[in-house]
Amino acid sequence: MKDLIVYYSLEGNTAYVADKIKEKTGADLLRLVPKKVYPDKGFAKFFWGGKSAVMAEKLATEA
Ligand SMILES: Cc1cc2nc3c(=O)[nH]c(=O)nc-3n(C[C@H](O)[C@H](O)[C@H](O)COP(=O)(O)O)c2cc1C
């Protein structure tokens with residue numbers, strides 16, 4: 001049975017690690033992509049990301 005790594009990555013760090021794990025294990029990758037687009041730079045990234053966390057938002061994703 002093959003392993004599946006399911007992950008989310010805003011800025012690419014988790015994607016990088018997931019890819020490294022894939023290289024070592026041969027697992028498949030599934031990156032979750034939020035339907036809502038978040039800014040990934042500057043103050044806006046922390047403002048909207050922080051608000052999302054504080055409000056415990058559950059994001060719809062497309063994979
Ligand atoms: C809104 C926001 C909140 C964050 N909160 C934390 C936190 O509480 N603790 C932490 O260690 N890192 C926090 N980070 C840093 C991210 O976890 C870190 O940059 C991570 O490597 C991002 O992974 P990604 O590149 O896969 O999106 C936060 C980043 C953002 C944008």
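When I say that a residue is around the ligand, I mean that its C-beta atom, placed from the backbone, lies within 6 Å of that molecule. Please keep in mind throughout that what we are looking at is a predicted model.

With that cut-off, the residues around the ligand are S9, L10, E11, G12, N13, T14 and A15, together with K45, F46, G49 and G50. If we sort this shell by class, we find 6 polar residues, 3 nonpolar ones and 2 that are charged. Which helix gives the most to the shell around the ligand? That is α2, which contributes 4 residues, and α2 spans residues 42-54, while α1, covering 13-25, also supplies at least two residues of the shell.

Let me turn now to the strands. Strand β1, residues 4-8, pairs with β2 in the parallel sense, and the pairing runs over 5 bridges; within the model, I5 stands opposite L29 in β2. Taken together with the helix, β1, α1 and β2 form a β-α-β unit that is right-handed, and α1 is one of the helices I mentioned for the ligand shell.

β2 has a second partner to consider, for β2 and strand β3, residues 61-62, pair in the antiparallel sense over 2 bridges, with P34 standing opposite T61 in β3.

How many of the 7 residues of β2 are buried? The count is 0, so by the cut-off of 20 or more other C-beta atoms within 10 Å, strand β2, residues 28-34, is hardly covered. As a general remark, side chains in a regular strand alternate between the two faces of the sheet.

Conventions
Residues numbered from 1 in each chain as written. Predicted model: local features only at pLDDT ≥ 70, side-chain atom pairs only at ≥ 80, totals over all residues. Nonpolar A, V, L, I, M, F, W, Y, C, P; charged D, E, K, R; others polar. Buried ≥ 20, exposed ≤ 12 C-beta atoms within 10 Å, placed from the backbone. Pairing = 2+ DSSP bridges. Right-handed = clockwise from strand over helix to strand, strands pointing away.
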